[in-house]
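Student: I would like a close look at a single part of this model. Please take me through it step by step.

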Amino acid sequence: MNSTPLLEVRAARKTFGGLVALESVDIKIKRGEIYGLIGPNGAGKTTFFNVITGLYAPDGGSFKLNGRAYEPSAVHRVAEAGIARTFQNIRLFPDMTALENVMVGRHLRTHGLHHGVIGAVLRTRQFLAGESAIRARARELLAYLGIERYADAVAKTLSYGDQRRLEIARALATEPQLLALDEPAAGMNATEKNLLRETLEKIRQDGKTILIIEHDVKLVMGLCDRVTVLDYGKVIANGLPSEVQRNPQVIEAYLGSGITHA
Ligand SMILES: Nc1ncnc2c1ncn2[C@@H]1O[C@H](COP(=O)(O)OP(=O)(O)OP(=O)(O)O)[C@@H](O)[C@H]1O
Ligand SMILES: [Mg+2]
């Protein structure tokens with residue numbers, strides 16, 4: 001049995017000028033969990049993602065993946081370490097097809113972008129063989145997310161929900177250990193949310209660990225094994241969804257936003 005946490009963050013700190021966006025944030029995620037990160041608007045959730053995935057340099061903290069320290073200082077290092085993410089504001093290549101978007105994720109995995117670009121220019125036999133394998137795998141991932149029929153559609157023409165699914169497919173193309181999703185259900189209707197929930201459970205079943213930021217309390221509480229609540233950059237609660245939901249500080253932080261009725 002492997003009891004080493006998949007992700008272990010200690011005392012993460014991030015400031016923007018005088019604003020302390022993260023203060024002493026500890027989060028420990030076990031392999032195979034679906035872990036929720038929740039909290040009111042501006043609580044620091046996205047900042048936490050940006051820090052662990054190399055978008056923002058932290059002002060403090062220690063970061064371990066699989067028991068090994070990693071420097072969350074460069075996006076490609078983080079990808080190599082085994083973390084992939086999606087964005088609160090979808091970041092696809094809007095004018096590329098859905099398939100091409102996933103292939104980009106795959107290229108990052110197989111050769112690193114550099115090798116990929118040189119091979120593409122020279123069109124070596126090795127490159128072309130690799131290319132068709134990448135294409136095949138990208139198609140599989142589209143099918144896995146239920147959007148294979150849009151393979152050749154330009155990304156920006158997909159519905160909002162399908163673009164979010166496409167982002168997940170692209171993230172999975174890097175074969176991450178940890179899949180970090182920033183509000184994947186935003187803008188989805190109830191049917192799409194149910195579908196998303198099934199998809200995330202399947203991804204977990206297939207061996208991934210998931211960290212999810214989500215405002216839909218019902219979705220979070222139904223899906224997540226454990227939850228951490230941030231408020232003004234600090235952890236105000238963590239534990240089982242049922243515990244967290246009863247926590248007075250959490251109820252206070254969410255007052256008027258419905259957590260007590262979930
Ligand atoms: N690049 C930045 N520069 C300055 N301030 C920032 C930056 N990014 C985030 N902040 C501030 O840090 C705080 C936390 O923001 P963050 O986006 O992490 O919140 P959040 O929990 O993701 O909120 P939401 O639920 O609205 O997405 C906010 O006060 C925000 O204005
Ligand atoms: Mg956010």
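Student: In strand 4, which residue is the bridge partner of Val-9?

Tutor: The partner is Phe-63, which lies in strand 4. Keep in mind that this is a predicted model. The bridge between Val-9 and Phe-63 belongs to a longer pairing: strand 1, residues 7–16, and strand 4, residues 60–65, run antiparallel and are joined over five bridges. These two strands sit within an open sheet of four strands, whose order is 2-1-4-5 and whose pairing is antiparallel. At the edges of the sheet are strand 2 (19–29) and strand 5 (68–69), each of which pairs on one side only.

From the edge strand 2 we can move to ligand 1, since strand 2 supplies at least two residues of the shell around ligand 1. Helix 1 (45–52) also supplies at least two, and with three residues helix 1 gives the most to that shell. The residues surrounding ligand 1 include Phe-16, Leu-19, Ala-21, Lys-45, Thr-46, Thr-47 and Gln-88. Among the others are Gly-39, Asn-41, Gly-42, Ala-43 and Gly-44. By type, the shell divides into four nonpolar residues, seven polar and one charged.

For contrast in topic, take helix 6. The 14 residues of helix 6 (residues 160–173) should span 20 Å at 1.5 Å a residue, and the end C-alpha atoms are 20 Å apart, so the two values agree. Helix 6 is mostly covered, with 12 of its 14 residues buried; among them are Gly-161, Leu-166, Ile-168 and Arg-170. Just after helix 6, Glu-175 has a positive phi of about 50°.

Definitions and conventions: Residues are numbered from 1 along each chain as its sequence is written. Chains are lettered from A and ligands numbered from 1 in the order in which they are written. This is a predicted model: local features need pLDDT of at least 70, side-chain atom pairs count only at pLDDT 80 or more; totals for chains, interfaces and linings use all residues. Two strands pair if DSSP finds at least two bridges between them. A residue is near a molecule or strand if its C-beta atom, placed from the backbone, lies within 6 Å of it. Ala, Val, Leu, Ile, Met, Phe, Trp, Tyr, Cys and Pro count as nonpolar, Asp, Glu, Lys and Arg as charged, and the others, Gly among them, as polar. The expected span of a helix is 1.5 Å times one less than its number of residues. A residue is buried if 20 or more other C-beta atoms lie within 10 Å of its own, exposed if 12 or fewer, and partly exposed in between; C-beta atoms are placed from the backbone.
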